[in-house]
Amino acid sequence: MSIRWSVVLFGLIFFAGTLSAAEHEVGQKNKNFTVESLKIKVGDIVSFPNYDSFYHNVYSLSPVKIFDLGSYAKGQTQKVKFEKAGKVTVQCAIHPDMKMTIDVQ
Ligand SMILES: [Cu+2]
């Protein structure tokens, strides 16, 4: 196979991989997450929009994906990409009762 065709093939495979990555939404509404649990695939992205009129601070201490989005106001959103399989517990640093799980498969 020529180098040129290898490059084209690699490009197509890379493009297909980009297409299959889905985006999901976990909102913060009424001092709660809009979904209790979520199943996603490795490489998927989850956005965390804040629909409340007060601040939330979404974070995870799960080894599969550790992150801290900081506190942000209504109308703002943050995105997280999940590159490893496993269970992730997502919480809010401001409201300890807020908790949900993401199952990355
Ligand atoms: Cu909160």
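Let's begin with how the chain folds back on itself: of the contacts between residues at least 6 apart in sequence, 49% join residues at least 24 apart. Keep in mind as you look around that this is a predicted model.

What is the chain built from? There is one helix, along with 10 strands. If you walk along the sequence, you meet them in the order α-β-β-β-β-β-β-β-β-β-β. The chain has 105 residues, and 35% of them are buried. Its accessible surface is about 6900 Å², with 58% of that belonging to carbon and sulfur atoms.

Now find the copper ion. Which protein atoms are its donors? They are ND1 of His-56, SG of Cys-92 and ND1 of His-95, at 2.0 to 2.2 Å from the ion. Along the sequence, these donor residues follow the spacing H-x35-C-x2-H. Both Cys-92 and His-95 are buried.

Finally, take a look at Asn-50, in the loop between β5 (45–47) and β6 (56–60). Is Asn-50 buried or exposed? Its relative accessibility is 1%, and buried means under 20%, so Asn-50 counts as buried. The side chain of Asn-50 also has polar atoms placed by the backbone: one lies 2.9 Å from the backbone nitrogen of Asp-52, and a polar atom of this side chain lies 2.9 Å from the backbone oxygen of Phe-54. Leaving aside residues up to four places away in sequence, Asn-50 touches several others, including Gln-28, Tyr-72, Lys-74 and the copper donor His-56.

Definitions and conventions:
Residues numbered from 1 in each chain as written. Predicted model: local features only at pLDDT ≥ 70, side-chain atom pairs only at ≥ 80, totals over all residues. Heavy atoms only, no water. Donors = N, O, S within 2.8 Å, 3.2 Å for Na, K, Ca; no water. Buried < 20%, exposed > 50% of the residue type's maximum accessible area, 1.4 Å probe, protein only. Helix = DSSP H or I, 4+ residues; strand = E, 2+ residues; numbered from the N terminus. Contact = heavy atoms within 4.5 Å. Areas by Shrake-Rupley, 256 points an atom, 1.4 Å probe, with all protein chains shown as cover. Polar contact = N/O pair within 3.5 Å; in protein donor to acceptor, adjacent residues only side chain to side chain.
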